[in-house]
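Thanks for coming. I have one structure to go through today, and I will put it up now.

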Amino acid sequence: MSGHLDLSPQPSALLESLRSIGYTIETALADIIDNSITAQSTSVSVQFLWNNGAPWVAIVDDGRGMTQEELIEAMRFGSRTPIESRDENDLGRFGLGMKTASISQCRHLTLASKRDGMLTACEWDLDKIATNGSASWLAGLYDPANITSDLLLNGLVSESLANRESGTILLWRRLDNSSVEKGNSIAEARFSEAMDSARKHLELVFHRFLSPDSPGRSAIKIDFNGNALDAFNPFGPLIPARQELPLETVHIDGRKILVQPYVLPHRSKVPTALYEQYAGEHGYLHNQGFYIYRNRRLIVKATWFRLIKKEELNKLIRVRVDIPNSLDHLWRIDVKKSQASPPESVRRELKKVIGRIAGAGKHVFTRRATVIKNRTLTPVWSREVADGKIRYGVNEEHPLVKSLLEMVTMEQASQLRTCLRLVNETFPYELFFADAASDTVEFEKPEYDEEEVRLAAVQLIDALRSYGFEGVDLRKQLLRTEAFPFPPELIDELLPEITKSNG
Ligand SMILES: Nc1ncnc2c1ncn2[C@@H]1O[C@H](COP(=O)(O)OP(=O)(O)OP(=O)(O)O)[C@@H](O)[C@H]1O
Ligand SMILES: [Mg+2]
C-alpha cells in the first residue's frame, strides 16, 4: 500500500440513493414512532395537512426530548453503531432510522426538541445540499430567531412544546413520495388514502403499546390529527371461542424466544361482524402465520418463513413470536424494521411448533364432523381414522341401511353395496374442505317435507322393530339413531303406547 485516499461519499449522491431503500409512508412513520416510544413518550401525535399541494407531516411526542448536543448527534447519519448493545426497551438499532425514514418521504426535515426547558432545532435540506454541490455533510442549525420566523415550525412548537419541559417534533416538508403528485385533486385523495393506510398499519404494528397486554405497562396514545388510533390485535382477544394453545419457549444464546399460538374460531362459531373484524387486510388465508414482535413492536406479520405453504387448512392459525433486541444480529433485522428472518436453530424449532399446531387449526374444521360422530350412537355417516388418514362413508350399521340390505335378495344386496362403495370412494374431500373453509360459501339447510319425514319415521320404526326393539327401548333407540328431525308430536303419535315420561 503506498498511502491512503479520502473517498468520503458525495453527500448529495448518497442522500439521493438512501431515499430509495424501500420505505413506504407506513414503515417510515413506524420507524419515527419507534424513537418516540424509546424516548418514553406517553402520547405521540401525527399531524398532517395537504396544504394546497404543499403537504407536510409532523410527528410530535411528549418524550424525554434531547439536549442540543444529543439532537445534533441524532441528526448524523449513523449516529450509533448497530454493534453496540442497547437498552432492552430500545426499539432502535442502526442510528439511521429517523433520517432514512424521513428522506424517503420528503426533501426537507426539521428536528426540534426540548429537554429541561431548552429548545433546539436542526434541519437537513436535500435541495440545498444538491444545489451547493457541497462535499460536506452540512446540516442547518436554527437559532431562536430562525424558529420564530419559520411560521409552521413555530406554530407547532407553540402548540406542542411551549407548555412542556420536554418533547420532540419531527417535521417533514417538501413531501415527494409516490402519494404526492404536485397540485391535483387525485394527488390530494391519494395522500389522504396513504395516511389512512398508514393509520391501519400503525394500529397493528403498535397494538401492544396502544393497548398493553401485560400488567404493569401503561398505554401510549397515538393520534392522527387528533383522532386516536385503536389497537388492532390480530389474535382476536375479544373473540370468546378463540383457542390459546400452550406457550412454547425457544432458548437461543441464553435468550428466550416466546412462541404463543392461537387458533381463531371458525366463522360458524362467531357473529359475522366479529369474524370479519379479525380477518384483517386481505383476509384469513393471507393473514395466517407467524407474527414477529421485537420488544413488543410488530416487525414481520403473517409469514410461515417458507416452512409451510399458506393453506385453507391453517388459515385460522396465527402465532405470536416475541424476540428480544439482543438477538437482532441473528434475525437479520433491517434498517426499516420491516424484515427479519429466523436463524437456522430457530427455524428448526418453529418447524416443530408448526407440526404440533397445524392439527389444531384443522380441528376447528373437523370438529363439526367429530360432533356428528359423537352426537348419535348410530350416525348415517361413519368417520374412520387410520394411519392419520380420514375416511367418510355411509354407515352400513344404520338401521335403515342395514334392514334394506337384509330385505333384498343377495344379488340386489351386492349391487347395493357396490353402489354404497362408489358413493364412499368418490366423496369429494378436496371440494368439501375448500367449501367448509371458505368465507363465502354457506351450506344449504335441507327443508323437510312433512309426508317424507312421517314415512321415514314409520320405516325406521319398522326397521328397529325388526331388530327386536319394543316399548321404551324402541323409543330410546329411535332417539339415538340419526335421521330426519322427527317432531316429538310425531313420535308420540306413532308410538302412542309409550309416554315421554317413561321414555
Ligand atoms: N423522538 C425522540 N426523542 C428523543 N430522542 C430521539 C427521538 N428521535 C430520535 N432520538 C435520538 O436520535 C437517535 C437517532 O435516531 P435514529 O432513529 O436515527 O436511530 P436509532 O433509533 O438509534 O436507530 P435506528 O436506525 O434503528 O432507528 C436515537 O438513538 C435517539 O437517541
Ligand atoms: Mg430509530
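Two strands count as paired here if DSSP finds at least two bridges between them. That matters for strand E4, residues 118–125, and E5: two bridges join them, and they run antiparallel. Within that pair, Glu-123 stands opposite Gly-140 in E5. I should say at this point that the model is predicted.

Now the sheet these strands belong to. This sheet is open, has eight strands and shows mixed pairing. Reading across, the order is E5-E4-E3-E6-E2-E1-E7-E8. Strand E5, residues 140–141, and strand E8, residues 227–228, are the edges, each pairing on one side only. Helix H7, residues 151–160, packs on the sheet. The strands H7 touches are E2 (56–61), E3 (106–115), E4 and E6 (167–175), and its direction makes about 155° with that of E6.

Next, the ligand. Which residues come nearest to ligand 1? They are Asn-35, Ala-39, Ala-74, Gly-92 and Gly-97, out of 22 residues around it. Two elements give two or more residues to that shell: helix H2, residues 25–38, and helix H4, residues 97–105. Sorted by class, the shell around ligand 1 holds seven nonpolar, nine polar and six charged residues.

Last, the whole chain. In total there are 19 helices and 16 strands. The domain assignment gives domain 1 at 11–228, domain 2 at 243–367 and domain 3 at 381–494. Between the C-alpha centres of domain 1 and domain 3 the distance is 67 Å. The C-alpha trace spans about 105 × 55 × 45 Å along its principal axes. How does the radius of gyration of the chain stand against that of a compact globule? For 503 residues a compact globule would come out near 23 Å, whereas this chain has 33 Å.

Terms used:
Residues are numbered from 1 along each chain as its sequence is written. Chains are lettered from A and ligands numbered from 1 in the order in which they are written. This is a predicted model: local features need pLDDT of at least 70, side-chain atom pairs count only at pLDDT 80 or more; totals for chains, interfaces and linings use all residues. Domain bounds come from an automatic or database domain assignment. A residue is near a molecule or strand if its C-beta atom, placed from the backbone, lies within 6 Å of it. Helices (H or I, at least four residues) and strands (E, at least two) are DSSP runs, numbered from the N terminus. Ala, Val, Leu, Ile, Met, Phe, Trp, Tyr, Cys and Pro count as nonpolar, Asp, Glu, Lys and Arg as charged, and the others, Gly among them, as polar. Two residues are in contact if their C-beta atoms, placed from the backbone, lie within 7 Å. Axes are lines fitted to C-alpha atoms, for helices over the stretch in contact, and angles run from 0 to 180 degrees between N-to-C directions. The radius of gyration is taken over C-alpha atoms; the globule rule is 2.2 Å times the number of residues to the power 0.38.
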